[in-house]
Each structure stands twice: as structure tokens, then as C-alpha cells.
Amino acid sequence: MKRFFQSSVAILLMLAIITSCGSSTSKEAKKEQVSIDTGLITVGFSQLGAESDWRNTNTESMLSAFTKENGYNLIYKNGQQKQANQITSIRMFIQQDVDYIVLAPAMEDGWDSVLQEAKEAEIPVILVDRRVNASDKNLYSCWVGSDFELEGKKMCAWIKAFADRRGITGDELHIVNIQGTIGSTAQIGRTRALANASREYGWDLMAEVTGDFTESKGKEVMAALLKGYDNINIVYCENDNEAMGAIDALESAGKRVGPNIKNGEIMVVSFDGVNEDSLEYCRQGKISCIAECNPLHGPRVEALVETLEKGETPEKFNYVDEKLFSSLNAVSSITVDEKEYVVEEP
Ligand code: AHR
């Protein structure tokens, strides 16, 4: 196994400052500083950005797993939500001859060439969180993350059960979808689940607009949707940050947010369940239901590296178990693909 040796014991590389991956905040720049110690396994981690609380928790999980104490030099790069930046980082990791590349890809398409370059350099690539649409699955070693379409299916099963319980018919549900970053696995799976459920149950899915997984865009998009539609009664947000922004826009427009659709409230549902503010909103019923998306992948990726270090082949696709949260007692469990999921307190 190759090692990224440097002659001195620890050389401080101010990688954030010297590379061309866009401007970082000083906090991010600090995270990107790295000292390379001899004899440790060197991992280059291309994170896609810092767009959400989920993402920041995910980054922290990776930084805490790949420590010197655990035997690693971690070269962390924040792609600032731009695939071109991530490709530049991967090329830099290849030049540095790291032992492993870990990629959290912004979107699915467009990775073939750079993954081919990593393969030719004999550097194993581990995908984390989202997936890539590669022409050859051997361009990466393995993947760990969420089943995003299952998350969406769970949410739609909850909405269906809730509406049935309250005597609301499918055609009375007027839904807008504030989508995640277009082309990302999380967006594709969650959007597909809602589109399929809307067709199946006769829901009125009026609009799908991206909120880029950020609070500010969620707010902006919600304000625009309110101008275009006067009968929205469900806002399906593809993450909690968008939901927080959407709730802000709804309340600023004088709307009441909550599960009593029949009494004129607008129901908000979302994904993640990571930050305390959105969990608190869920306890209050402002967010009616949250499908968990678990960000704590650091130890999982480390376990995959350990498997590869032993010369073994890990499972190609590694899914994480996730929960469904709601404080409304209308629905105690839902069933998706013949599996029952108990709805838990947030
Ligand atoms: O890919 C996971 C998604 O990305 C999370 O749901 C979202 O919050 C993040 O930005």
C-alpha cells in the first residue's frame, strides 16, 4: 500500500489558501489545513460543500473519524457546491498520491473521467452520502449512505396515512415540492417518491422548484410560490434547512403553519432531523413529519478503509437505517415495501 511520505515529521500545508477551489470562510480554511505525518494512511476527502446543517454534521463526523490518533492524515477539501471544484480536488489528491480518495459528490453525472484517472493511479475511491452515475461501477470501490427514495416513500406513506385519518381525499392535497440540488441523489430519490405517490393517490402536485438545500433559497422559493398559488396546503421540503426558510416565508406572509389543513393551516414536511431547531419545530408541529437522513458517516467510511487495508473487498453498496419522526399522534406506523416503520417522537 502506497504511503504519502514527507521527509520532515510534520509539514504544514495551507491547502485552502493555495488551491483554486474558490474562497472559503476562515472556519472552513482552518479545516482544510493539514499536517502530513509519515507512516499514517493519507485520505483525501472531497466534501461537496457546507450548504446545510446535515452537511456540517457530516463533515465533523468525517474529521473526527480520520484523525492522527486513529492513524490518518486527512486532506479535507470543501467543493463549495461546485462539481468543478471537486474534480480539481480529486486531481490534486491524485498528484499527491494519497492512499484513498473519499468523494461526497454534489451530483450524480459527470464523474467518469476523473474516476478513471484515480483508477489509473491505483487509488481506491470510496463514495459517501450521494452516488455517481458512472459508466462502469468498477470506477469506485464502494459507497455508504442513505436510501433517499426510501426516505421519500416513507414520507409519502405518512402523508397518505395522515390524510386518510383526517378524512382528506387525495385531490384535496395541493402540494409544492421545494427540491434539493438538482441532479443530486438526495433530490432525485425524494422527488421521484413524491411524483410517484402523487400519481398513485391523485394528489395535486402543483410545482417542483429547487431550494438548493439551503435555508435562504427555501425562503426565497416559498415566497415566490405563494405569489403563484393561493391553495397550497402541503409544502414538501427536501431538507430541514429549506423547511426553516419556507416556514419563515409562510409566517412572514401571514400564513398559519401546521397540520390542520382543513382549518386553513399549511403543513410542512421535511428530511434530515439533524439540527435542534428543526427537531423543535417538529415537536411543536410546525414541521409535521421529518424523515431522518443520517449524516454520521465518518466511522462507516473508516470501517470501509480498514476493510480495504486488510486486502478484503467491502460490500459495494452500504445502506444506513433511518427513522421517521412526528409529534402528531395521528399515525403510529407506516409500511413501505412490506416493511413497517414506527413513527417516533422527534
Ligand atoms: O445528500 C444529503 C442531503 O444533502 C441532506 O438531506 C441535505 O440536508 C444535504 O445538503
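A disulfide is taken here as a pair of cysteine sulfur atoms within 2.5 Å. By this rule the count in the structure comes to zero. The structure is a predicted model, in which local features need pLDDT of at least 70 and side-chain atom pairs count only at pLDDT 80 or more, while totals for chains, interfaces and linings use all residues. Residues are numbered from 1 along each chain as its sequence is written, and side-chain values use heavy atoms, with hydrogens and water left out.

The table lists two cysteines; buried means under 20% relative accessible area, exposed over 50%, and partly exposed in between (1.4 Å probe, protein chains only).

| Cysteine | Closest cysteine sulfur | Relative accessible area |
|---|---|---|
| C282 | C289, 6.7 Å | 0%, buried |
| C289 | C282, 6.7 Å | 0%, buried |

The sulfur of C282 forms no disulfide with that of C289 because 6.7 Å is too far for a bond.

The domain assignment, automatic or from a database, divides the protein chain into domain 1 (2-140) and domain 2 (148-294 + 323-344). Their C-alpha centres lie 33 Å apart. Contact, defined as heavy atoms within 4.5 Å, links 12 residues of domain 1 with 18 residues of domain 2.

Buried area is the accessible area (1.4 Å probe) that two parts lose on being put together, summed over both. For domain 1 and domain 2 this is about 1,100 Å², 55% of it on carbon and sulfur atoms. On the side of domain 1, D53, W54 and R130 lose the most area to domain 2, together 46% of what that side buries.

Across the interface of domain 1 and domain 2, zero salt bridges are found, a salt bridge being a side-chain nitrogen of Lys or Arg within 4 Å of a carboxyl oxygen of Asp or Glu.
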